[in-house]
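Reader: I would like a close look at one part of this model, taken slowly and with its surroundings included. Please keep to what the atoms themselves show, and say plainly what kind of model it is.

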Amino acid sequence: EITVRDWSSDVCSSDLRRQKSCITNAEITPESVGVAAALFDADDRVIGSITFAIPQVVFSTLNEDAIREEIVATAQAIMRNLHGNPAAAEPVLAHAR
């Protein structure tokens, strides 16, 4: 089953616009956390998202800010490639502990 979301009315939409990421709890799988970042087009419209899902028990041992930064950096790299500007460095996944 494919879930289609309307990001413009989503609970996370204000976080995505303000912080460039959002965190959800048990939205798709019980006892899991999702960290998401939106992908925007050149007109600043949401065209997709990237999400990292992880068990809550593991997430609670990690650095939330570091995970958010990595997801946002990955989304920005995808957008650079989508917009034909891959010149900036690719994100480097750092250990989030």
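Where in the structure is Q56 found? Please begin from there and work outward.

Author: The model is a predicted one, and the values below are computed from its atoms. Q56 is found in helix α2, which covers residues 56-59. With a relative accessible area of 32%, Q56 is partly exposed, because that value lies between the limits of 20% for buried and 50% for exposed. When residues up to four places away in sequence are set aside, Q56 touches N25, E31, S32 and V33. Of these partners, N25 lies 31 residues away along the chain, yet the C-alpha atoms of Q56 and N25 are separated by 7.9 Å.

Two of these partners, S32 and V33, lead into the sheet. S32 has its place in strand β2, and at 14% relative accessibility S32 counts as buried, because the limit for that class is under 20%. Again leaving out residues up to four places away, S32 touches T24, N25, A26, I54, P55 and Q56. A polar atom of the S32 side chain also lies 2.5 Å from the backbone oxygen of T29. V33, with neighbours within four places likewise left aside, is in contact with I23, T24, N25, F52, A53, I54, Q56 and F59. Thus T24, N25, I54 and Q56 appear among the contacts of S32 and also among those of V33.

The sheet around these residues can be set out strand by strand. It is an open sheet of 3 strands in the order β1-β2-β3, with antiparallel pairing. Its edge strands are β1, residues 22-25, and β3, residues 46-55, each of which pairs on one side only. On average, and with direction ignored, neighbouring strands of this sheet are turned by 25° against each other. Strand β2, residues 32-40, pairs with β3 in the antiparallel sense over 9 bridges, and within this arrangement the bridge partner of V35 in β3 is F52. F52 is also one of the residues in contact with V33.

From the sheet one can turn to the helix that crosses it and to the nonpolar core. Helix α3, residues 64-82, lies across β1, β2 and β3, and runs at about 30° to β2. The largest nonpolar core has 13 residues, and those touching the most other members are V33, V35, A37, F59, I67 and I71. The elements that give two or more residues to this core are β2 and α3, and the largest share, 6 residues, comes from β2. V33, already met as a partner of Q56, is therefore worth following, since V33 is among the core residues that touch the most other members and is in contact with F59, another of them.

The charged side chains add a further layer, for the structure holds 3 salt bridges. Two of them share R45: the side chains of R45 and D41 meet at 2.8 Å, N to O, and those of R45 and D43 meet at 3.4 Å, N to O. D41, D43 and R45 are in this way linked in a network of salt bridges. The two acids of that network fall into opposite classes, D41 counting as buried at 15% relative accessibility and D43 counting as exposed at 55%. The remaining pair belongs to helix α3, where R68 and E64 lie 4 residues apart, about one turn of the helix, and their side chains meet in a salt bridge at 3.5 Å, N to O. R68 is buried, with a relative accessible area of 15%, while E64, at 35%, counts as partly exposed.

A view of the whole chain closes the account. The protein chain has 3 helices and 3 strands, and from the N terminus on its elements run α-β-β-β-α-α. Buried residues make up 32% of its 97 residues. Among contacts with a separation of 6 or more, 39% join residues 24 or more positions apart, and the contact of Q56 with N25, at 31 residues apart along the chain, is one example of such a long separation.

Methods:
Residues are numbered from 1 along each chain as its sequence is written. This is a predicted model: local features need pLDDT of at least 70, side-chain atom pairs count only at pLDDT 80 or more; totals for chains, interfaces and linings use all residues. Side-chain values use heavy atoms; hydrogens and water are left out. Two strands pair if DSSP finds at least two bridges between them. Axes are lines fitted to C-alpha atoms, for helices over the stretch in contact, and angles run from 0 to 180 degrees between N-to-C directions. Contact means heavy atoms within 4.5 Å. A nonpolar core is a set of buried Ala, Val, Leu, Ile, Met, Phe, Trp, Tyr and Cys residues joined through side-chain atoms within 4.5 Å. Buried means under 20% relative accessible area, exposed over 50%, partly exposed in between (1.4 Å probe, protein chains only). A polar contact is a pair of N or O atoms within 3.5 Å; within protein, one must be able to donate a hydrogen and the other to accept it, and residues adjacent in sequence count only if both atoms are side-chain atoms. A salt bridge is a side-chain nitrogen of Lys or Arg within 4 Å of a carboxyl oxygen of Asp or Glu.
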